[in-house]
Amino acid sequence: MRLAAGILIGALSVGALQSVGALQDDWKPMTLTLLDQPADSSVAAELVLTPSPGAIDIVVGIDNPCQAKIRATYQYRGAVVKIRLLGPPASRRCAGHRPEAYSASVTKLKPKRYQVIVYTADEKDRWRPWKAGVADVP
């Protein structure tokens, strides 16, 4: 009886860990639109959040001297929206300076205050917070 209870508790613990891992890996693709020209240099250097009912419109500026293809994934839990930028090289050792601005939207949000965090990979492929902001969704 004790052995069966121990096996059941062990199986439940493993199942709980797997479901926590599944929640952490639930990243959805995010559609990024390259803006023709950043409105000004502050947009190219910042994160701009524009809330609307049920959504946050996001503009993020990056320096992309290597002309890498930029993609993104996102997830939101509670009041935190996390965005991973995929593609900008971590070392950024390419010649030149090329500011680019991308826009995206996160929809189906409930009315409340959200923290938006943008992550990029470092040289060891670890995700590091890069830019962050707060938006109140009406």
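**The cavity and the open sheet**

Let's start with the lining of the largest cavity. Its residues split into 9 nonpolar, 1 polar and no charged. Keep in mind that this is a predicted model.

How many cavities of 30 Å³ or more does a search of the whole structure find? The answer is 1. The largest cavity has a volume of about 50 Å³.

Now the names. Met30, Leu32, Ile58, Val60, Ile83, Leu85, Tyr102, Ser103, Ala104 and Val118 line the largest cavity. Three elements supply two or more residues each to that lining: strand E4 (55-63), E6 and strand E7 (99-107). Which element gives the most? E7 does, with 3 residues.

A general word on the approach. A probe the size of a water molecule, rolled over the atoms, shows where empty space is left.

Next, the sheet. It is open, and 5 strands form it. The order runs E1-E5-E6-E8-E9. The pairing is mixed. Which strands sit at the edges? Strand E1 (28-30) and strand E9 (127-137) do, and each pairs on one side only. On average, neighbouring strands of this sheet are turned by 30 degrees against each other, direction ignored.

Let's zoom in on one pair. Strand E5 covers residues 71-77, and strand E6 covers residues 80-86. The two pair in the antiparallel sense, over 7 bridges. Take Arg71 as an example: its bridge partner in E6 is Leu86.

One link to close on. E6 belongs to the open sheet, and E6 also gives two or more residues to the lining of the largest cavity.

How values were computed
Residues numbered from 1 in each chain as written. Predicted model: local features only at pLDDT ≥ 70, side-chain atom pairs only at ≥ 80, totals over all residues. Heavy atoms only, no water. Pairing = 2+ DSSP bridges. Helix = DSSP H or I, 4+ residues; strand = E, 2+ residues; numbered from the N terminus. Axes fitted to C-alpha atoms, helices over the stretch in contact; angles between N-to-C directions. 1 Å grid on protein atoms, 1.4 Å probe; cavity = no way out; pocket = protein on both sides within 12 Å on 5 of 7 lines; lining within 4 Å. Points joined across faces, edges and corners; volume = space filled by probe spheres on them. Nonpolar A, V, L, I, M, F, W, Y, C, P; charged D, E, K, R; others polar.
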